[in-house]
Amino acid sequence: MMLRPRIIPSLLIHDKGLVKTVGFSSPKYVGDPINVVRIFNEKAVDELAVYDIDATVRGQEPDYRMLENLAVECRMPLCYGGGVKTVEQVKTIIGVGIEKVAISSAGIANPRLIADAAEAVGSQSVVVVLDVKPRPKSTVYEVFTHNATINTGRTMLEVAAESQKLGAGEIVVNAIERDGRMIGYDLELAGQISKATNVPVTILGGAGSLNHIEELIRNFGVIGAAAGSLFVFKGIYRAVLVNYPTSKERDRLLESLVHVA
Amino acid sequence: MITVVNYGLGNVQAFATLYRRMNIPANIATTASQLENTTKLILPGVGAFDHAMELLDASGMRSTLEELVLHRKVPVLGVCVGMQILAKSSEEGKLAGLGWIDGRVRRFDESTLPRPARLPHMGWNDVMPKNGAQLFNGFEQGCCFYFLHSYHFECASSDDVVAKSEYGMSFHCAVHSNNIYGVQFHPEKSHGYGMRLLKNFAEMQ
């Protein structure tokens, strides 16, 4: 048999609660982090990612106590991102039982951090998250930081190549303009990053249905398909309902993979 | 009493929580004296090989663990890097491993990986146990676990291999020699399959 694509609920932490944004703003409360993790346990999700969207912009430390509580509760691998600036923080986060630490703005400003983190905890636990947006009328993607408010002026492919060379074990690209819009993944973006890398990649931003996930898997095979809104909202009024494909639905998604191979 | 060895790496609490949820007594040992009443040991770990060995050496528990495992034959289950350090050495590091199972840890060969070749090997993959392997009781219909690693165990003797998995090539993902067991994947993060495997380890005579 084979390695499966990963379908990853990606949750945002804001003021100690889980929220979902649209276009990186208007956070809507979706629930208590521990409760939501318990629901995802029951649904046997592949893995989970949580990003604290306050930590970097407010200059805060990661909330280690909350992370430890989440890690204990979580029966699937957990990735944490938000406000990670030093190797000491990376080690502390791994120490409380989180499997993967996501580095974003601090790693772009100071690439040495990625290398030092990989050296300290191993590449497999170091994830680089790039929030990206295409230049106007172009398919060149640029990297943004601080909740998409600061344009680094660097391209996604440049930063991705540098990150994996420094030892990142996974690259997550987040399509800023598709955040919360549920209109489908940016397949151009997924194609570019998939071709340019030799570490696992995960695409975030835009998934609005299982068909969108299927489309991603059909085109790119074993890839990480991450989504926020899709797994916390139901219906056109965006009522909060934590959900995840059933094992039957996941088997159907895998068929599209077999079809490719 | 199942004792999870806390030498500063890996999700010790997750193991203890899972066992307690299954009504199996479990505790966490951070010092040598806390290892005293153990009947089974879990040796977790994530991260780099040398980092794991350094922390284990610095924990003050290594000699007690060696006494328990090698002389008193207390069963031990190494997980992820906790499994890799059971080997004699690793291509990832310079330090010697515990050497409790004859083998070494090697990096995946990028030339054999499916295109595009991606490392680490990350995600859910099928595991194929050897017939009759106690650790995999109840998995006759097949099983699937979460992996996160770029290096894999290579046993010197095929007798010590209890399960294989495939990523570009077939590799040894579960090992067993006497009272010493190891799994490369993360049972504590593999939902029902993982709970079943941890229960099997707990119930083994």
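1. Start with Ile203(A). Leaving out residues up to four places away in sequence, Ile203(A) touches Val173(A), Tyr185(A), Ala190(A), Leu216(A), Ile223(A), Gly224(A), Ala225(A) and Ala226(A). The model is a predicted one. The largest nonpolar core has 151 residues. Ile203(A) is among those that touch the most other members, together with Leu48(A), Val101(A), Leu130(A), Ile171(A), Val173(A) and Ala225(A). Two of these names, Val173(A) and Ala225(A), also appear in the contact list of Ile203(A).

2. Next, chain A as a whole. Its secondary structure comes to eleven helices and 14 strands. The radius of gyration of chain A is 17 Å, and the globule rule gives 18 Å for 261 residues, so chain A is as compact as a globular protein of that length. The C-alpha trace spans about 40 × 40 × 40 Å along its principal axes. Of the 261 residues in chain A, 51% are buried. Sequence separation is also worth a look. Take the contacts in chain A between residues at least 6 apart in sequence: 63% of them join residues at least 24 apart.

3. Helix 7 of chain A covers residues 156-166. Its buried residues are Met156(A), Val159(A), Ala160(A), Ser163(A), Gln164(A) and Leu166(A). Where do they sit around the axis? They cover an arc of only 160 degrees, which puts them on the same side of helix 7 of chain A. Gly167(A) comes just after this helix and takes a positive phi of about 120 degrees.

4. Now the contact between the chains. Chain A gives 26 residues and chain B gives 28 residues. On the side of chain A that touches chain B, helix 3 (64-73), helix 4 (87-95) and helix 6 (112-121) each supply at least two residues. By class, that side of chain A has twelve nonpolar, eight polar and six charged residues.

5. Helix 1 of chain B, residues 12-21, deserves its own point. Is this helix enclosed or open, and why? Seven of its ten residues are buried, so helix 1 of chain B is largely enclosed by the rest of the structure. The buried ones are Val12(B), Gln13(B), Ala14(B), Phe15(B), Ala16(B), Leu18(B) and Tyr19(B). Their cover includes elements of both chains: helix 3 of chain A, plus strand 1 (2-5), strand 2, strand 3 (40-43) and helix 5 of chain B. Just after helix 1 of chain B, Asn23(B) has a positive phi of about 60 degrees.

6. Strand 2 of chain B, residues 26-29, holds Ala29(B). Ala29(B) counts as buried because it has 24 C-beta neighbours inside 10 Å, and 20 or more is the cut-off. Neighbours within four places in sequence aside, Ala29(B) is in contact with Thr3(B), Val5(B), Asn6(B), Gln34(B), Leu35(B) and Met61(B). Gln205(B) is 176 residues from Ala29(B) along the chain, and their C-alpha atoms are separated by 22 Å.

7. His186(B) lies in a loop of chain B, between strand 12 (180-183) and helix 5 (191-203). Is His186(B) buried or exposed? It is buried, with 23 other C-beta atoms within 10 Å. Residues up to four places away in sequence aside, His186(B) touches Pro77(A) in chain A. In chain B, His186(B) touches Val79(B), Cys80(B), Phe145(B), Tyr146(B) and Leu148(B). Leu148(B) and His186(B) are 38 residues apart in sequence, with 8.0 Å from C-alpha to C-alpha.

8. Some backbone geometry should be checked by eye. Most residues other than glycine have a negative phi, and most peptide bonds are trans. Lys137(A) has a positive phi, near 50 degrees. Lys137(A) is in the loop between strand 7 (126-134) and strand 8 (141-145) of chain A. With 5 C-beta neighbours inside 10 Å, Lys137(A) counts as exposed. Lys73(B) also has a positive phi, near 55 degrees. Its place is the loop between helix 3 (62-71) and strand 4 (76-79) of chain B. Lys73(B) has 11 C-beta neighbours inside 10 Å and counts as exposed.

9. Last, a cis peptide bond. Which residues does it join? Leu119(B) and Pro120(B), with omega about 0 degrees. Pro120(B) lies in the loop between strand 6 (103-107) and strand 7 (121-129) of chain B.

Key:
Residues numbered from 1 in each chain as written. Chains lettered and ligands numbered in written order. Predicted model: local features only at pLDDT ≥ 70, side-chain atom pairs only at ≥ 80, totals over all residues. Helix = DSSP H or I, 4+ residues; strand = E, 2+ residues; numbered from the N terminus. Buried ≥ 20, exposed ≤ 12 C-beta atoms within 10 Å, placed from the backbone. Arc of directions from axis to C-beta. Rg over C-alpha atoms; globule rule 2.2 N^0.38 Å. Contact = placed C-beta atoms within 7 Å. Core = buried A, V, L, I, M, F, W, Y, C linked by C-beta atoms within 7 Å. Nonpolar A, V, L, I, M, F, W, Y, C, P; charged D, E, K, R; others polar.
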